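User: Could you take me through this model and show how each label is earned? I would like the reasoning as well as the conclusions.

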Amino acid sequence: MGRVARWSRRLLLALALLVLLLAVWWQWPRDAGPYAELALPAAPQARTAEPAPPPGGRLRLSWWGVSAVLVEDGRNAIFIDPFFTRPEGLLPLLSYRPIAPNRARVQAGLAAAGVDALDLVLVSHAHYDHSMDAGLVAQLSGATLAGDRSTLNVGRGAGLPAAQLRLIEPGDVLQMGDFRLTFVASAHAGATGGRPLGSIDSPLQPPARYSAYKRGQVWSVLIEHPEGRLLHHGSAGYVPGALAPHRADVALLGAALVEDWPRYLAQTAQAVGAHTVLPLHWDDFLRPLDEPLRPMPLAVDLAAMYAHFRSSPAAPALHTLPLGRKVALPAAPPDATPTTRPPP
Ligand SMILES: [Zn+2]
């Protein structure tokens with residue numbers, strides 16, 4: 001009898017937790033606040049054939065949800081964390097329903113991005129919202145897939161040949177045309193260190209449970225180009241001091257599971273001297289890209305982000321990336337000179 005009572009209590013507790021989770025989930029703020037007002041304007045497309053580069057140069061970036069960012073200069077194109085499939089719904093995820101790249105969505109996403117050939121696909125860590133589509137994107141675009149062992153096993157599972165796989169070790173530098181990429185070992189956001197933890201140790205063939213996409217190594221990627229320097233930081237964890245030796249003008253920062261904006265910025269955007277922050281990974285990726293974006297319930301507090309940037313004169317400028325639009329790198333904001341600040 002005692003055993004039955006214990007199990008009923010556990011079941012009731014589990015049900016109560018699920019109901020609570022769903023209640024918070026549905027009640028979470030659905031609008032992105034002043035996101036649209038802060039958005040960078042779309043830039044003219046960079047094309048090699050043009051005799052002169054368009055205003056602001058040829059370097060363009062575009063955001064495709066979560067931390068998916070396409071960086072291109074008219075000659076070379078690099079896609080970080082491409083993720084168009086976005087399997088839908090919280091309950092399928094919680095019930096471990098197997099997931100797989102959706103070829104039609106990936107092809108539509110690449111077409112919308114105007115991509116027929118990519119040079120590199122990079123993966124900032126191997127959780128499914130960063131890595132799941134990467135192998136297929138590399139296959140469709142002829143790109144080399146670069147990442148840690150876990151990411152390469154996602155690539156192998158997608159059928160990529162060894163010639164299209166490039167293993168990355170901490171500190172590695174890759175040169176691609178005018179782009180120079182430096183991989184800095186980073187950490188995942190969240191108290192658990194980013195579950196599912198561990199690494200993917202054999203080719204991962206989809207469909208697979210989301211829990212098969214184990215985290216692997218987490219990277220910050222510095223992207224240096226003659227027209228500007230970017231930091232792509234897909235997950236809001238950090239290794240203290242790791243970015244201090246590096247420099248970037250613009251920091252693309254994961255905004256999910258940020259516990260302390262001042263500390264996070266000090267270790268990322270401010271550590272590299274960035275004048276502008278562009279938030280990534282704030283949208284609910286359990287919804288497809290053709291539905292209006294909303295912040296990820298439980299994990300993202302955009303209001304706290306806006307409040308910090310508004311109230312901190314020393315913080316970098318905050319701009320946002322409009323979904324699926326190519327933008328030029330924002331210029332440094334006119335300096336708030338010391339004379340405009342009250343004397344100490
Ligand atoms: Zn993750």
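Here is a short conversation about the fold, one helix and the confidence.

User: Glad to have it open. What makes the protein as compact as a globular protein of its length?

Analyst: Happy to help, and please keep in mind that this is a predicted model. The secondary structure comes to eight helices and 14 strands. The radius of gyration is 21 Å, and the globule rule gives 20 Å for 344 residues; the two values are close, so the protein is as compact as a globular protein of that length. The C-alpha trace spans about 80 × 60 × 35 Å along its principal axes.

User: Why are β6 and β14 said to stand at the edges of the sheet?

Analyst: Follow the order of the seven strands, β6-β5-β4-β3-β2-β1-β14, in an open sheet with mixed pairing. β6 (165–167) and β14 (327–328) each have a single partner strand, so one side of each is left without a neighbour in the sheet.

User: How do you know that β1 and β2 pair?

Analyst: Pairing takes at least two bridges. Four bridges join β1 (residues 60–63) to β2 (residues 69–72), so the cut-off is met. The two strands run antiparallel, and W63 stands opposite V69 in β2.

User: Which helices pack on the sheet?

Analyst: Helix α5 (residues 134–141) does, touching β3 (77–80), β4 (120–122) and β5 (144–147). Helix α6 (residues 149–157) packs there too, touching β5 and β6. The direction of α5 makes about 150° with that of β5, and for α6 the angle with β5 is also about 150°.

User: What makes the buried residues of α3 line one face?

Analyst: In α3 (residues 103–112), V106, G109 and L110 are buried. Seen down the helix axis, the buried residues fall within an arc of 95°, so they line one face. An α-helix has 3.6 residues a turn, so residues three or four places apart point the same way. The face turned away from the buried side of α3 carries the exposed residues A104 and A111. What covers the buried residues includes α5. Just after α3, G114 takes a positive phi of about 70°.

User: Where is the pLDDT below 50?

Analyst: The protein averages a pLDDT of 92, and 94% of the residues score at least 70. Over residues 336–344, though, the pLDDT is below 50. Beyond near neighbours in sequence, that stretch has three contacts in the model. Where pLDDT is low, the predicted coordinates should not be read in detail.

Definitions and conventions. Residues are numbered from 1 along each chain as its sequence is written. This is a predicted model: local features need pLDDT of at least 70, side-chain atom pairs count only at pLDDT 80 or more; totals for chains, interfaces and linings use all residues. Two residues are in contact if their C-beta atoms, placed from the backbone, lie within 7 Å. Axes are lines fitted to C-alpha atoms, for helices over the stretch in contact, and angles run from 0 to 180 degrees between N-to-C directions. pLDDT is the predictor's confidence in each residue, from 0 to 100. The radius of gyration is taken over C-alpha atoms; the globule rule is 2.2 Å times the number of residues to the power 0.38. A residue is buried if 20 or more other C-beta atoms lie within 10 Å of its own, exposed if 12 or fewer, and partly exposed in between; C-beta atoms are placed from the backbone. The arc is that of the directions from the helix axis to the C-beta atoms.
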